[in-house]
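Reader: I'd like a close look at the sheet in this one, and at what sits around it. Could you walk me through that part in one go?

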Amino acid sequence: MIVKALIFDVFGTLVDWRTSVAREVTAHLAPQGVQVDALAFADAWRDQYQPAMEAVRSGRLPFCKLDRLHRHNLDVVLADFGLDAVDESTRQSLNLAWHRLDAWPDVAPGLHRLRRHYRLAPCSNGNISLMVDLARRNDFPWDAILGAEVARDYKPKPAVYLAAADAFDLTPAETLMVAAHSSDLDAAARAGLRTAFIARPDEFAQGAGERMPTIPVDLTAASLTDLADQLTP
């Protein structure tokens with residue numbers, strides 16, 4: 001395998017979005033006396049993710065940054081939970097919860113090892129400012145910030161993966177897509193990229209994540225450090 005760059009899914013693969021968002025929900029709403037199941041709220045917010053992006057992918061909405069879609073989704077979920085009284089300043093701050101997600105513990109060490117041998121970038125549906133904030137918070141050593149905002153479309157559209165490879169002046173076959181989601185890797189493979197699966201069995205709750213890929217992939221790893229063991233001397 002002649003790979004020169006690794007590009008990464010971020011939500012779920014590199015960061016624990018569920019418990020991080022739940023922490024932020026509690027931090028923002030509890031001081032206002034609002035009692036809510038924070039994990040259920042995080043799950044409901046995430047459930048709005050694909051439908052909102054599909055409106056863009058289908059052409060029903062023009063491309064907009066994920067922060068804007070997250071804010072629309074937040075307003076929907078607050079209404080669904082009967083929390084319409086939450087004020088605007090709280091909504092604005094809570095919407096940035098996605099900029100404050102914590103990485104899985106293996107991620108920063110694995111990325112630093114991989115960067116000695118490969119170019120690295122996120123290939124996420126998150127917007128550039130969101131990716132920068134997560135990188136600064138979690139010590140992600142990116143060489144570039146790629147993904148949806150660069151491609152002006154959302155995964156799993158082929159243009160997102162192809163734009164990432166092209167940004168590094170590489171062919172798709174020289175680019176390895178790393179993700180914890182078989183659907184993401186399937187789309188990348190169809191675009192001609194190499195693929196590596198990272199197990200995140202607890203992404204959606206304990207035991208509620210992908211432990212093994214459901215499609216053929218080039219590499220399977222238990223963690224980013226395991227992937228580094230496989231790809232570096």
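Author: Here is a walk through the sheet, then the helix packed by it, the charged pairs and the pocket.

A word on the ground rules: this is a predicted model, where local features need pLDDT of at least 70 and side-chain atom pairs count only at pLDDT 80 or more, while totals for chains, interfaces and linings use all residues. Residues are numbered from 1 along each chain as its sequence is written, and side-chain values use heavy atoms, with hydrogens and water left out.

Let's start with the sheet itself. Six strands make an open sheet in the order β3-β2-β1-β4-β5-β6, with parallel pairing. Strands here are DSSP runs of E with at least two residues, helices are runs of H or I with at least four, and both are numbered from the N terminus. Two strands pair if DSSP finds at least two bridges between them. At the edges stand β3 (146–147) and β6, each with a single partner strand, so one side of each has no neighbour in the sheet.

Now zoom in on β4 (175–179). Five of its five residues are buried, meaning under 20% relative accessible area; exposed means over 50%, and partly exposed is in between (1.4 Å probe, protein chains only). In a regular strand, side chains alternate between the two faces of the sheet. Both faces of β4 are covered, with Thr175, Met177 and Ala179 buried on one side and Leu176 and Val178 buried on the other.

The neighbours of β4 fit in like this. β1 pairs with β4 in the parallel sense over four bridges, and Phe8 stands opposite Val178. Four bridges also join β4 to β5, again running parallel, and there Val178 has Ala196 as its bridge partner. Keep following Ala196 and you reach β6, where Leu219 stands opposite. β5 and β6 run parallel and are joined by three bridges.

Next comes helix α11 (residues 224–231), whose buried residues are Leu224, Leu227, Ala228 and Leu231. Seen down the helix axis, these fall within an arc of 100 degrees, so they line one face of α11; the arc is that of the directions from the helix axis to the C-beta atoms. Their cover includes β1 (5–8), α6, β4, β5 and β6.

On to the charged pairs. The structure holds 19 salt bridges, each a side-chain nitrogen of Lys or Arg within 4 Å of a carboxyl oxygen of Asp or Glu. One of them involves β5 directly: Asp218 and Arg194 meet at 3.7 Å, N to O. Arg194 is in strand β5 and Asp218 in the loop between β5 (194–198) and β6 (219–221), 24 residues apart, so this pair links distant parts of the chain. Asp218 is partly exposed at 35% relative accessible area, and Arg194 is partly exposed at 29%.

Another pair sits within helix α10 (residues 182–190), where Arg190 and Asp186 are four residues apart, about one helical turn. Their closest N and O atoms are 3.0 Å apart. Arg190 is exposed at 72%, whereas Asp186 is partly exposed at 25%.

A third pair is Asp102 with Arg137, with closest N and O atoms 2.9 Å apart. Asp102 lies in the loop between α5 (88–95) and α6 (107–115) and Arg137 in helix α7 (residues 128–138), so the pair ties together parts 35 residues apart in sequence. Asp102 is partly exposed at 28%, and Arg137 is partly exposed at 42%. Both belong to a network of salt bridges that also links Arg23, Glu24 and Arg100.

Last, the largest pocket, with about 350 Å³ of space. On a 1 Å grid over the protein atoms alone, a pocket is an open set of points with protein on both sides within 12 Å along at least five of seven lines, and lining residues have an atom within 4 Å of a point. Grid points are joined across faces, edges and corners, and the volume is the space filled by probe spheres set on the points. Of the 16 lining residues, Arg46, Tyr49, Gln50, His181 and Ser183 are the closest to the centre. Helices α2 (38–47), α3 (49–57) and α10 each supply at least two lining residues, and α2 gives the largest share, three residues.

Conventions:
Contact means heavy atoms within 4.5 Å. On a 1 Å grid over the protein atoms alone, a cavity is a set of points where a 1.4 Å probe fits but cannot get out, and a pocket is an open set with protein on both sides within 12 Å along at least five of seven lines; lining residues have an atom within 4 Å of a point.
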